[in-house]
Amino acid sequence: KQWYQRRVRGSFGGKQQLKETISIKCVQNNEDVCDSCKRPPIGDYFTYKTRALCRNCHSFHSAYGEKYPPSYLQAFSKVRDCSEIHHHDGTSAKIKLKDPKQERKQRYREAYFHQYFH
């Protein structure tokens with residue numbers, strides 16, 4: 001039986017914060033396009049520097065490895081667009097869509113599942 005711990009960061013004796021398993025990309029207009037299928041990604045997707053891959057293309061290329069080598073695909077990190085959390089309406093201001101308690105609950109749930117499915 002293995003013991004799993006959630007990843008947290010904090011100072012010595014200070015408040016601990018949960019490390020996010022999926023980075024949130026907060027931009028007014030998300031202009032990322034999948035390099036493989038040339039469509040805008042829906043939901044979570046993978047980025048590395050200026051390149052982006054949707055989940056379907058990333059899983060396909062990691063399974064078959066025709067276009068990208070596996071070592072290159074491991075450098076990609078999972079990213080989520082901020083459109084599910086808040087709207088910008090063409091400005092830098094954020095109009096909340098979710099309750100902060102729901103956001104926190106979702107982050108803890110993702111951190112828990114990330115221990116087993118990553």
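In this predicted model, Glu103 is buried, since its relative accessibility of 16% lies under the 20% cut-off for burial. The side chain of Glu103 meets that of Lys96 in a salt bridge, with an N to O distance of 3.6 Å. Lys96 counts as exposed, because its relative accessibility is 52% and the exposed class begins over 50%. The bridge thus pairs a buried residue, Glu103, with an exposed one, Lys96.

Elsewhere, salt bridges with shared partners join Asp44, Arg80 and Glu110 into one network. Within this network, Asp44 and Arg80 form a salt bridge in which the closest N and O atoms are 2.8 Å apart. The pair links distant parts of the chain, the two residues being 36 residues apart. Asp44 lies in the loop between strand E3 (23–25) and strand E4 (45–48), whereas Arg80 belongs to strand E6 (residues 77–81). Asp44 has a relative accessible area of 13% and is therefore buried. Arg80 is likewise buried, with a relative accessible area of 10%.

A further salt bridge connects Lys25 with Asp32, and here the closest N and O atoms are 2.6 Å apart. Lys25 is partly exposed, with a relative accessible area of 28%, a value between the limits of 20% and 50% that bound this class. Asp32, by contrast, is buried at a relative accessible area of 17%. In the whole structure, a search finds 5 salt bridges.

These contacts are set in a protein chain with 3 helices and 8 strands. Read from the N terminus, the order of elements is β-β-β-β-β-α-α-β-β-β-α. The protein chain has 118 residues, of which 26% count as buried.

Several of the residues named above also bear on a pocket. The second largest pocket has a volume of about 210 Å³. Its lining consists of 15 residues, and those closest to the centre of the pocket are Ile24, Arg80, Ile85, Glu103 and Arg107. Two of these residues have been described in salt bridges: Arg80 with Asp44, and Glu103 with Lys96. Helix H3 (residues 100–114) gives the most to the lining of this pocket, with 5 residues. By residue class, the lining of the second largest pocket divides into 8 charged, 5 nonpolar and 2 polar residues.

Helix H3 also holds Phe113, which is part of a nonpolar patch on the surface. The patch is formed by Tyr112, Phe113, Tyr116 and Phe117, and together these residues have about 460 Å² of accessible area. Phe113 counts as partly exposed because its relative accessibility is 41%, which falls between 20% and 50%. Tyr116 is placed in the segment after H3. This residue, Tyr116, is partly exposed as well, at 40% relative accessibility. Both values, 41% for Phe113 and 40% for Tyr116, are over the 30% relative accessible area needed for a residue to enter a patch. Phe113 can also be placed relative to a remote part of the sequence: Phe113 and Thr21 are 92 residues apart along the chain, and their C-alpha atoms are separated by 9.7 Å.

Definitions and conventions:
Residues numbered from 1 in each chain as written. Predicted model: local features only at pLDDT ≥ 70, side-chain atom pairs only at ≥ 80, totals over all residues. Heavy atoms only, no water. 1 Å grid on protein atoms, 1.4 Å probe; cavity = no way out; pocket = protein on both sides within 12 Å on 5 of 7 lines; lining within 4 Å. Points joined across faces, edges and corners; volume = space filled by probe spheres on them. Helix = DSSP H or I, 4+ residues; strand = E, 2+ residues; numbered from the N terminus. Nonpolar A, V, L, I, M, F, W, Y, C, P; charged D, E, K, R; others polar. Patch = residues over 30% accessible without salt bridge, like charges linked within 9 Å, V, L, I, M, F, W, Y side chains within 5 Å. Areas by Shrake-Rupley, 256 points an atom, 1.4 Å probe, with all protein chains shown as cover. Salt bridge = Lys/Arg side-chain N within 4 Å of Asp/Glu carboxyl O. Buried < 20%, exposed > 50% of the residue type's maximum accessible area, 1.4 Å probe, protein only.
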